[in-house]
Amino acid sequence: MRHWTLLGEAPIPGGDKKLALYQGKDDFFIKLSGGHELMSTRKHGSEDALGAIPCQRLQQSGQARVLIGGLGMGFTLAAALAVVGSQAELTVAELIPEVVEWNRGPLGDFSGRPLDDPRTRVHLGDVAKLLRQKREFYDVIALDVDNGPEGLTRNTNTWIYSEPGITAALSALRPDGILAYWSASPDRVFHDRLRRCGLMVEEISVHAHGKKGVRHTIWLASF
Ligand SMILES: C[S@@+](CC[C@H](N)C(=O)[O-])C[C@H]1O[C@@H](n2cnc3c(N)ncnc32)[C@H](O)[C@@H]1O
């Protein structure tokens, strides 16, 4: 039987749930209170794709401004850093301070310590605040704050995937920028919502790990 050690717990602001970090023999995972596994250091193919694919599509990625929400285990951030240039600026918004601390500890070894990269800035707080504040600022906005468009971690995250949330993200994006969303499963309603906002939408199905097994969904949306 596998043995897991509980390393830390963190309350999720604005809700009554908690995140818990566990360590196994040679991996880590983060669970939502109630038992749902949110992230694992063993499976991050789709998290990598969320960071890499939109940045690869940019005409000029050398000085790209990228917003990633949230940090999780840092794989999306690390994948975006690997693609953009030396003058790029990547902001990672993370709601839970403990998640940032966990990434600064031994968990960070799994993603290559992207928080230590001089191009990275951490915004401790709700990514929704940056979506509302910024105007035509980011080249890429890559969002993975929940299990998908239905807020599971936190009910208020539903706004991010609503029409007003998408509209706010579009205002924060440069006119030729790319919006990217991660989801554990396909969601026709969300896909259609992006199209209703006037966007061209590409839906990509990506393996969670390796070349077979579970797939996750990424939407790339642009004008
Ligand atoms: C599924 S994980 C992200 C996984 C990440 N893509 C990776 O590469 O590991 C979701 C993260 O978003 C954070 N989060 C949830 N709601 C948020 C919000 N509204 N703003 C910023 N971060 C949020 C969670 O604390 C968690 O760390």
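A backbone N or O atom of L95 lies 3.2 Å from a nitrogen atom of the ligand. This contact belongs to a predicted model, and the description below starts from the ligand and then turns to the protein around it.

**Ligand contacts**

Two further polar approaches involve oxygen atoms of the ligand. E94 brings a polar side-chain atom to 2.6 Å from a ligand oxygen, while at G74 a polar backbone atom is 3.5 Å from an oxygen atom of the ligand. The table sets these contacts side by side.

| Residue | Protein atom | Ligand atom | Distance |
|---|---|---|---|
| E94 | polar side-chain atom | oxygen | 2.6 Å |
| L95 | backbone N or O atom | nitrogen | 3.2 Å |
| G74 | polar backbone atom | oxygen | 3.5 Å |

On its own the ligand has 610 Å² of accessible area, of which the protein covers 98%. The largest cavity is the space that the ligand takes. Two elements, α2 (75-83) and β6 (89-94), give two or more residues each to the shell around the ligand.

**The surrounding shell**

In total, 23 residues surround the ligand, and the closest of them are M73, T76, E94, D126 and D144. E94 therefore appears twice in this account: it is listed among the closest residues, and its side chain supplies the 2.6 Å contact to a ligand oxygen. By class, the shell consists of 12 nonpolar, six polar and five charged residues.

**Overall fold**

The protein has seven helices and 11 strands. Its C-alpha atoms fill a box of roughly 50 × 40 × 35 Å along the principal axes. The radius of gyration is 16 Å, which agrees with the value near 17 Å for a compact globule, because that expectation is set by the 223 residues.

**Local features of the loops**

Which residues stand out in the loop between α4 and β7? One of them is R113, located in that loop. R113 has a positive phi of about 55°, although this residue is not a glycine.

D117 also lies in the loop between α4 (108-111) and β7 (120-124). The side chain of D117 reaches the backbone nitrogen of R119 at a distance of 2.8 Å. Between the C-alpha atoms of D117 and Y161 the separation is 29 Å, and these residues are 44 residues apart along the chain.

A further backbone feature occurs at G70, in the loop between β5 (65-69) and α2. The peptide bond from G69 to G70 is cis, and its omega is near -10°. The α2 helix (75-83) that bounds this loop is one of the elements giving two or more residues to the ligand shell.

How values were computed
Residues are numbered from 1 along each chain as its sequence is written. This is a predicted model: local features need pLDDT of at least 70, side-chain atom pairs count only at pLDDT 80 or more; totals for chains, interfaces and linings use all residues. Side-chain values use heavy atoms; hydrogens and water are left out. A residue is near a molecule or strand if one of its heavy atoms lies within 4 Å of it. A polar contact is a pair of N or O atoms within 3.5 Å; within protein, one must be able to donate a hydrogen and the other to accept it, and residues adjacent in sequence count only if both atoms are side-chain atoms. Accessible areas come from the Shrake-Rupley method with a 1.4 Å probe; for residues, only the protein chains shown count as cover. On a 1 Å grid over the protein atoms alone, a cavity is a set of points where a 1.4 Å probe fits but cannot get out, and a pocket is an open set with protein on both sides within 12 Å along at least five of seven lines; lining residues have an atom within 4 Å of a point. A molecule sits in a cavity or pocket if more than half of its atoms lie within 2 Å of its grid points. Helices (H or I, at least four residues) and strands (E, at least two) are DSSP runs, numbered from the N terminus. Ala, Val, Leu, Ile, Met, Phe, Trp, Tyr, Cys and Pro count as nonpolar, Asp, Glu, Lys and Arg as charged, and the others, Gly among them, as polar. The radius of gyration is taken over C-alpha atoms; the globule rule is 2.2 Å times the number of residues to the power 0.38.
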